[in-house]
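Work through the exercises below with the sequence and the model open, and try each task before reading its solution.

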Amino acid sequence: MKLIVLGAGYATRLYPLTLNQPKPLLPVAGKPMLEHVLDNLKSLTSLDHIYIVTNAKFAGHFERWAEAYAGTHKGAPITIINDQTTDEENRLGAIGDINLVLKQAQIEDDVIVVAGDNLFSHSLEQFGQFCSSCRGPVLAVYDVGNLEEIRKYNAIEIDDSDRITFFEEKPAQPKSTLTGIALYYYPRATLPLIRQYLEEGNNADQPGRLVQWLYPRIPFYVWRVPGIWYDVGSKETLEEANRIFGRAAAS
């Protein structure tokens, strides 16, 4: 199984912090966000290679980080893939970046995709176990607790078998407080569908759009994230993440 970490964004909402530093490498509770992500996934023993896709502006940052990280951490080898984009205007988008990694690394295995700025309070070992036993793609979901908050994300409805029956990005009239987050499992049989999605001219940016396109075509399941999930998108949420995960590290 391969891991693709999405790290090609420019995080303009966090300027000036991200003018010369990629968001996944900003520190939270004493270490880069990206290391929190990898620490949560290190229990997945089936992962045999990690690909971090970034842009031309920050490729060197990630390469220097990866060299230092590999010197102090055991585990799957890390490859940095530069999508050659330089700013918001010419970026490939998250789905475009996933497809780039699949093509450039010639991946034909099962794949886990995660955003490099997603923070989890618990190990994701059970996510890996669920994916191994599942016969289709999997989307990690989190209950944000209120319908107003869900408008910023996406709304999902599921059946008794945890299969997605409805998915809508940034819903105007949400019916559920369950939202999909940037943690996905795509078994190898579904990889050609990612290419098909893009070839048909669909939105290459928001990875949830791929879920929205796929779930009516093939069974797509969900896995509930335990504990706390945090999406860092602003200076305020970065400060809050430092408080939350700083307390967790101290306890």
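**Exercise 1.** Decide whether Asp 109 is buried, partly exposed or exposed, and then describe the salt bridge in which Asp 109 takes part.

*Solution.* The structure is a predicted model, and each step below is a reading of that model. Begin with accessibility: a residue counts as buried under 20% relative accessible area and as exposed over 50%, so Asp 109, at 23%, is partly exposed. Next, look for the partner, which is Lys 2, whose side chain meets that of Asp 109 in a salt bridge with an N to O distance of 2.3 Å. Then place both residues: Asp 109 lies in the loop between H3 and strand S6 (111-115) and Lys 2 in strand S1 (residues 2-6), so the pair ties together parts that are 107 residues apart in sequence. Lys 2 itself is buried, with a relative accessible area of 11%. Finally, widen the view, and Lys 2, Asp 48 and Asp 109 turn out to be linked in a network of salt bridges.

**Exercise 2.** Find how many salt bridges the whole structure contains, and examine the pairs Asp 39 with Lys 31 and Glu 88 with Arg 91.

*Solution.* The principle is that side chains of opposite charge can pair when their charged atoms come close. A search of the whole structure gives nine salt bridges. In one pair, the side chains of Asp 39 and Lys 31 meet at 2.4 Å, taken from N to O; Asp 39 is partly exposed at 21% relative accessibility, and Lys 31 is partly exposed at 25%. In the other pair, Glu 88 and Arg 91 form a salt bridge at 2.9 Å, N to O; here Glu 88 is partly exposed at 34%, and Arg 91 is partly exposed at 32%.

**Exercise 3.** Compare the span of H2 with the expected value, and work out which residues of H2 are buried.

*Solution.* Start with length: H2 has 14 residues and reaches 20 Å from its first C-alpha to its last, which is close to the 20 Å expected at 1.5 Å a residue. Now list the buried residues of H2, which are Ala 59, Phe 62, Trp 65, Ala 66 and Tyr 69. These cover an arc of only 125 degrees around the axis, which puts them on the same side of H2. The spacing is easier to follow if one recalls that an α-helix has 3.6 residues a turn, so residues three or four places apart point the same way. On the face turned away from the buried side, H2 carries the exposed residues Arg 64, Glu 67, Ala 68, Gly 71 and Thr 72.

**Exercise 4.** Describe the largest pocket by its volume, its lining and the elements that contribute to that lining.

*Solution.* The space in the largest pocket is about 1300 Å³. Its lining has 45 residues, and those nearest the centre are Arg 13, Lys 23, Asp 117, Pro 207 and Asp 231. Sorted by class, the lining holds 20 nonpolar, 13 polar and 12 charged residues. At least two lining residues come from each of helix H3 (94-104), strand S10 (164-169), strand S11 (178-186), helix H7 (207-214) and strand S13 (229-231), and the largest share, four residues, belongs to S11. As a last step, follow Pro 207, which has its place in helix H7 and counts as buried at 19% relative accessibility.

**Exercise 5.** Describe the second largest pocket by volume and by the class of its lining residues.

*Solution.* The second largest pocket has a volume of about 310 Å³. Of the 17 residues that line this pocket, Lys 42, Ile 50, Lys 74, Gly 75 and Ala 76 are the closest to its centre. By class, 11 are nonpolar, three polar and three charged. Helix H1 (33-41) and helix H2 (59-72) each supply at least two lining residues, and H1 gives the most, with three.

**Exercise 6.** Inspect the backbone at Pro 16, Gln 106 and Lys 170.

*Solution.* As background, most residues other than glycine have a negative phi, and most peptide bonds are trans. The peptide bond from Tyr 15 to Pro 16 is cis, with omega near 10 degrees, and Pro 16 sits in the loop between S1 and strand S2 (27-28). Gln 106 has a positive phi, near 55 degrees; this residue is found in the loop between H3 and S6 and is exposed, with a relative accessible area of 66%. Lys 170 also is not a glycine and has a positive phi of about 40 degrees; Lys 170 belongs to the loop between S10 and S11 and is partly exposed at 48%.

Note on methods:
Residues numbered from 1 in each chain as written. Predicted model: local features only at pLDDT ≥ 70, side-chain atom pairs only at ≥ 80, totals over all residues. Heavy atoms only, no water. 1 Å grid on protein atoms, 1.4 Å probe; cavity = no way out; pocket = protein on both sides within 12 Å on 5 of 7 lines; lining within 4 Å. Points joined across faces, edges and corners; volume = space filled by probe spheres on them. Nonpolar A, V, L, I, M, F, W, Y, C, P; charged D, E, K, R; others polar. Salt bridge = Lys/Arg side-chain N within 4 Å of Asp/Glu carboxyl O. Buried < 20%, exposed > 50% of the residue type's maximum accessible area, 1.4 Å probe, protein only. Expected span 1.5 Å × (residues − 1). Arc of directions from axis to C-beta.
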